[in-house]
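I opened a notebook for a structure that was new to me. These are the entries, in the order I looked things up.

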Amino acid sequence: MTIQQFLVYLSLCAVCVLTKPTDKKDRVHHDPQLSDKVHDDAQNFEYDHDAFLGADEAKTFDQLTPEESKERLGKIVSKIDEDKDGFVTVEELRDWIKFAQKRWIYEDVERQWKGHDLNEDGLISWEEYKNATYGYILGRSLFLG
């Protein structure tokens, strides 16, 4: 090996060792938050209620007596236990939480649609969208024409 080859080899090794590694891309798919509440089981269970029941249903449960709440939860657990073996598996619970979140999304889309479809014809025109989204801020349409 000549001195020139050795210096090239040494330079390549130095470049490999001293260069900053590239930032790793986050390759983990992060699921969206199941609730807007802080998840701290030591303090409260609001996050779990929202994730498990959906936000609207959780509000309903907050108004129930402990006896009514227990009875309703028993009925829900029967729905979650898909194989009817008397136990809720992690997979059954995961499926239920996904179902509850999808249901909430569909209900929210329906609410949003109704709020923007001002003439209730089943369609949202650009004018309806502008008025529903921006017009109420000033009590009039911001876009004329």
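The entries below go from the whole chain to single residues.

**Entry 1: the whole chain**

I noted at the start that this is a predicted model. I looked up the secondary structure and found 6 helices and 0 strands. Read from the N terminus on, the elements run α-α-α-α-α-α.

Next I asked what share of the residues is buried. Of the 145 residues, 18% count as buried. I then looked at the exposed surface, which comes to about 12,300 Å². Carbon and sulfur atoms supply 60% of that surface.

I also looked up how far along the chain the contacts reach. Among contacts with a separation of 6 or more, 20% are between residues 24 or more positions apart.

**Entry 2: the core**

Which residues make up the largest nonpolar core? I listed 8 residues: Phe-52, Leu-53, Ala-58, Phe-61, Ile-76, Ile-80, Trp-96 and Ala-100. I then checked which helices supply them. Helix H2 (46-53), helix H3 (55-62), helix H4 (66-80) and helix H5 (90-116) each give at least two residues to this core. As background, I wrote down that nonpolar side chains in soluble globular proteins tend to be buried together.

I picked Phe-52 from the list and looked up its contacts, leaving aside its neighbours within four places in sequence. Phe-52 touches Leu-73, Ile-76, Ile-80, Leu-93, Trp-96, Ile-97 and Ala-100. Ile-76, Ile-80, Trp-96 and Ala-100 from this set are also on the core list.

**Entry 3: helix H2**

Phe-52 led me to the rest of H2. The buried residues there are Tyr-47, Asp-50, Ala-51, Phe-52 and Leu-53. I asked what covers them, and the cover includes H3, H4 and H5.

I also looked just past the end of this helix. H2 is followed by Gly-54, which has a positive phi, near 90°.

**Entry 4: a patch on the surface**

I turned to nonpolar residues on the surface. Met-1, Ile-3, Phe-6, Leu-7, Tyr-9 and Leu-10 make a nonpolar patch of about 700 Å².

I took Leu-10 as an example. Leu-10 sits in helix H1 (residues 3-18). Is Leu-10 buried or exposed? Neither word fits, because a relative accessibility of 46% makes Leu-10 partly exposed, between the limits of 20% and 50%.

**Entry 5: salt bridges**

How many salt bridges does the whole structure hold? The search finds 4, and I looked up three pairs, starting with one in H4.

Glu-71 pairs with Lys-75, with 3.6 Å between the closest N and O atoms. The two are about one helical turn apart, because 4 residues separate them in helix H4. Lys-75 counts as exposed because its relative accessible area is 52%, and the cut-off for exposed is over 50%.

Glu-91 pairs with Arg-94, and here the closest N and O atoms are 2.8 Å apart. Both residues lie in helix H5, 3 residues apart, about one turn of the helix. I checked the accessibility of each partner. Glu-91 is partly exposed at 42%, and Arg-94 is partly exposed at 39%.

Lys-130 pairs with Glu-127, at 3.3 Å between the closest N and O atoms. Both lie in helix H6 (residues 126-138), 3 residues apart, again about one turn of the helix.

**Entry 6: Lys-130 and its partner**

I stayed with this last pair to look up its surroundings. Is Lys-130 buried or exposed? Lys-130 is buried, because its relative accessibility is 7% and buried means under 20%. Its partner Glu-127 is partly exposed, at 31% relative accessibility. The side chains of Lys-130 and Glu-127 are also joined by a polar contact of 3.3 Å.

**Entry 7: Trp-126**

The last residue I looked up was Trp-126, also in helix H6. I found Trp-126 to be exposed, because its relative accessible area is 59%. I then looked up its distance to His-116, which is 10 residues away along the chain. The C-alpha atoms of Trp-126 and His-116 are 9.8 Å apart.

How values were computed: Residues are numbered from 1 along each chain as its sequence is written. This is a predicted model: local features need pLDDT of at least 70, side-chain atom pairs count only at pLDDT 80 or more; totals for chains, interfaces and linings use all residues. Side-chain values use heavy atoms; hydrogens and water are left out. A nonpolar core is a set of buried Ala, Val, Leu, Ile, Met, Phe, Trp, Tyr and Cys residues joined through side-chain atoms within 4.5 Å. Buried means under 20% relative accessible area, exposed over 50%, partly exposed in between (1.4 Å probe, protein chains only). Contact means heavy atoms within 4.5 Å. Patches are made of residues with over 30% relative accessible area and no salt bridge: like charges are joined within 9 Å, nonpolar side chains (Val, Leu, Ile, Met, Phe, Trp, Tyr) within 5 Å. Accessible areas come from the Shrake-Rupley method with a 1.4 Å probe; for residues, only the protein chains shown count as cover. A salt bridge is a side-chain nitrogen of Lys or Arg within 4 Å of a carboxyl oxygen of Asp or Glu. A polar contact is a pair of N or O atoms within 3.5 Å; within protein, one must be able to donate a hydrogen and the other to accept it, and residues adjacent in sequence count only if both atoms are side-chain atoms.
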